[in-house]
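Got the model open in your viewer? Let's take a walk through it, one selection at a time.

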Amino acid sequence: MAFVFVLIILIFVAAAVVLWHADLRMRYLTRPIYRMFQRILPKMSDTEREALEAGSVWWDGALFSGRPSARALHAIQLPRLSAEEQAFLDNEVETLCAMVHDWRVTREDLDLPPEAWDYIRSHRFFGMIIPKEYGGLGFSAVAHSAVITRLASRNSALSATVMVPNSLGPAELLLHYGTTEQKDYYLPRLASGEEIPAFALTSPWAGSDAAAIPDSGVVCKDMWQGQETLGMRVSWDKRYITLGPVCTVLGLAFRLYDPDGLLGDQPDIGITCALVPRDHPGVEIGRRHFPLDAMFMNGPTRGHDVFIPLEYIIGGQARAGQGWRMLMECLAAGRSISLPSSYAGMAQLTARAVGGYSVVRDQFHTPIHKFEGVIEPLARIAGHTYLMDAARAMTAGAVDLGEKPAVVSAIVKYHVTERGRMVVNDGMDIIGGKGIILGPQNFLGRAYQQIPVGITVEGANILTRSLIIFGQGAIRCHPFVLAEMQAAQDSNPKQGLDNFDKAFWGHMRHTGSNALRAIAHGWTAACFARPDTAVAPAMVRYYRQLTRYSAVLATLSDVAMLSLGGSLKRRESISARLGDVLSQLYLISATLKRFHDEGQQPGDAPLAHWAIQDAFCRAEDAISGVLHNFPNRILACALHVALMPWGRSFPAPSDKLSAEVAQALCTPGPTRDRLTHLAYLPEDPQEPVAAIESALQAVMDTQDLARKIRDFEKSGKIPAGDPRANVRDLAQAVHAAGGLTDDEYERLHARNTLRDRVIGVDDFAPDFSGLSNTDTPSHTQADGA
């Protein structure tokens, strides 16, 4: 035994000497590992490299580090709306929302009304991100996000129409990369609405794989405006182009080639972005697509051998071939705002309206919000909406702080749209027959119908989850992996080896440190993980577990990358689950920050608890999925014992907590108002959402009378056989029997009139086409919950 012990000590001493001595370490360890790494590392294309290097690492990097700091999270100063931005939201945005009626847009006019288009232009909705010196509004990303959220709570065509020119489009590309001449000419015209922009990226043969677009251009000389001009012959076939049918200027992405060397010695220049007027010779704008009756303008565009001067390249000739990097960097910012804001608006509308509806609607002599079967989906609606808006605001704030959060934008795009789907589905289940009959009185049917639009666009959700979030995050956010990859492909062998030595051994220290911390926190349930700043006492547990699971994520990621190597890229399910862990930790961070930044409101605490516990439960599901499906079963078992020794820490939120959350959603007051603060609330009492608000208040104001009716009914004082003693006419029967005063009966009659409007649905003539303004619906009562 003594000999074995001494041998072990000698081995450790020898290893320490080798690691400590730079020359020995380099010769006997680093160099062989470096050569092996070079052999197994897949060749990285220019587009892959640009995608990985685009954007910036922000809070996602802290989560990957294994040591997220509560102090650093709280110190992130997210911008607030300025007085000017708040006034715009309260006035211009409200006015625009009032101009648009969802049924008329989607069933009758198939477009926004002309007055809405005019208002969008004249009040510079297309120029929210354009600086004031160019005639735009110069709004922050937070304001941009708030505007889109409110518009989306009114009508999807309205939000999409305003959203696209302010996200990934010509204006953003011009702002970052345009020449002075291009900015001076186009930005004022875009801001005023004189120009309507569209950006054409997606090709039929390269949907999600946008870097593989077959659209191409060849550098050549041709006659242009009476003189020989250096330009490009470009051919393209694009589809799904929002605002394409009505655009006046078309942003175009294509691959540029220079076989004759007119620009230099590089025949394949790369993806390039150009800005082409709609009326340019050869530009073809196709007919409309109908994206699930959302009715925003969307369609194809084509061109064949269209001669385009080089000056049309965004940024001029110097930016030829830089289009992919430009798109990746702008996409990181645009995707952070567009769809997360849209689905946050959809969720807030659902929460506000369905919460009120569940109080107004009775079944079995009981408001349906009191049934446990309804409480569960109400709690999900409220909890997801709280978390979605927290993620929306935090991510938009990051853009204002100068970040281009590529990985975070993918997280919020996927998870906010997926939670939006859950919220609307739950809302439809609760309102029952009200939701399945389309018509002017249906406030949720179109949202339900159009959910797949956001799930599909700007990177399909399946691909975003399985390939992008972890595939990009593991490399981009990890402190050492990208440096190792860059060193392995360095054209200077000596410099590459030196850089690899620093990165690799730093990686080993990082892995060991996080593994020890993850194991320690797992076995102690993170009881000794202390937040590094003051936090709400009720939230301390969550900050501890955030630290623990950040270390678990870092450990699992390193083990997966080191043991699976390049095959991890093909194991999309494992990659997706690791991405889920990262995503849930980001969503938890955003929720903790929201609760902290909003003053730790006691009424909001159940919402925060529910959202955080649900997210931790999902993170543990993902971790279990990784370990259960890890190909090396011995390693998987060891990791399970080390990292999750006591099993799960977070079951799904309890029934008691869900009841508190559902009650907050159904009770008028500050908590409900904060939860749905960006939802548009129409003033017209004929509108379904306005009717719900009025009916909800009427129900709350007559609760004492409702109890009085129930007590009177139980007393047996209603004459036997009175046909009015039914669920609809009971108040009339009680009044006739002397159980209500005339004033009390009038109050109940007014309440019931509002209730009838809320639960009513539309019906139409048998020959109804839905495409004529003469098709006028009537209203009948709904069946179902």
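Start by selecting T511: at 13% relative accessibility, T511 counts as buried (buried means under 20% relative accessible area, exposed over 50%, partly exposed in between, with a 1.4 Å probe and protein chains only). T511 sits in helix 21, residues 493-524; helices here are DSSP runs of H or I with at least four residues, strands are E runs of at least two, and both are numbered from the N terminus. Now add T555 to the selection: the two residues are 44 apart along the chain, yet their C-alpha atoms are separated by 6.2 Å.

A word on ground rules before moving on. This is a predicted model, so to speak of local features a pLDDT of at least 70 is needed, side-chain atom pairs count only at pLDDT 80 or more, and totals for chains, interfaces and linings use all residues. Residues are numbered from 1 along each chain as its sequence is written, and side-chain values use heavy atoms, with hydrogens and water left out.

**Still on helix 21**

Select H507, which is also found in helix 21. H507 has 3% relative accessibility and therefore counts as buried. Leave out its neighbours within four places in sequence and show the contacts (heavy atoms within 4.5 Å): H507 touches H478, F480, V481, E484 and D558.

**Zoom out**

Show the whole chain as a cartoon. You should be able to find 31 helices and 11 strands. The radius of gyration is 30 Å, close to the 28 Å that the globule rule gives for 785 residues, so the chain is as compact as a globular protein of that length. That radius is taken over C-alpha atoms, and the rule is 2.2 Å times the number of residues to the power 0.38. Along the principal axes, the C-alpha atoms fill a box of roughly 100 × 90 × 45 Å.

Buried residues make up 56% of the 785. Of the contacts with a separation of 6 or more, 76% are between residues 24 or more positions apart. Switch on the surface and you are looking at about 32600 Å² of exposed area, with carbon and sulfur atoms supplying 56% of it; the areas come from the Shrake-Rupley method with a 1.4 Å probe, and for residues only the protein chains shown count as cover.

**The closed cavity**

Rolling a probe the size of a water molecule over the atoms shows where empty space is left. On a 1 Å grid over the protein atoms alone, a cavity is a set of points where a 1.4 Å probe fits but cannot get out, a pocket is an open set with protein on both sides within 12 Å along at least five of seven lines, and lining residues have an atom within 4 Å of a point. How many cavities of 30 Å³ or more does the structure hold? There is 1, and the largest cavity has a volume of about 40 Å³. Volume here is the space filled by probe spheres set on the points, which are joined across faces, edges and corners.

To see the walls, select H74, V535, A536, M539, Y543, L592, F595, H596 and Q600. Helix 23 (residues 572-597) gives the most to this lining, with 3 residues. By type, the lining has 6 nonpolar, 3 polar and no charged residues (Ala, Val, Leu, Ile, Met, Phe, Trp, Tyr, Cys and Pro count as nonpolar, Asp, Glu, Lys and Arg as charged, and the others, Gly among them, as polar).

Next, pick H609 in helix 24, residues 605-629. H609 is in contact with A538, M539, Y542 and L657, leaving aside neighbours within four places in sequence. Its C-alpha atom is 9.3 Å from that of L592, 17 residues apart along the chain.

**The second largest pocket**

Select D362, V727, R751, N752 and R755: of the 41 lining residues, these lie nearest the centre of the second largest pocket. Helix 31 gives the most to its lining, with 8 residues. The pocket holds about 1000 Å³ of space, and its lining divides into 15 nonpolar, 13 polar and 13 charged residues.

**Last stop: two backbone angles**

Most residues other than glycine have a negative phi. Select M295, in the loop between strand 6 (284-285) and strand 7 (298-309): its phi is positive, about 70°, although M295 is not a glycine. Then select R124, in the loop between helix 9 (114-122) and helix 10 (141-152), where phi is positive at about 60°. Buried or partly exposed: which is M295? M295 is buried, with a relative accessible area of 3%, while R124 counts as partly exposed at 30% relative accessibility.
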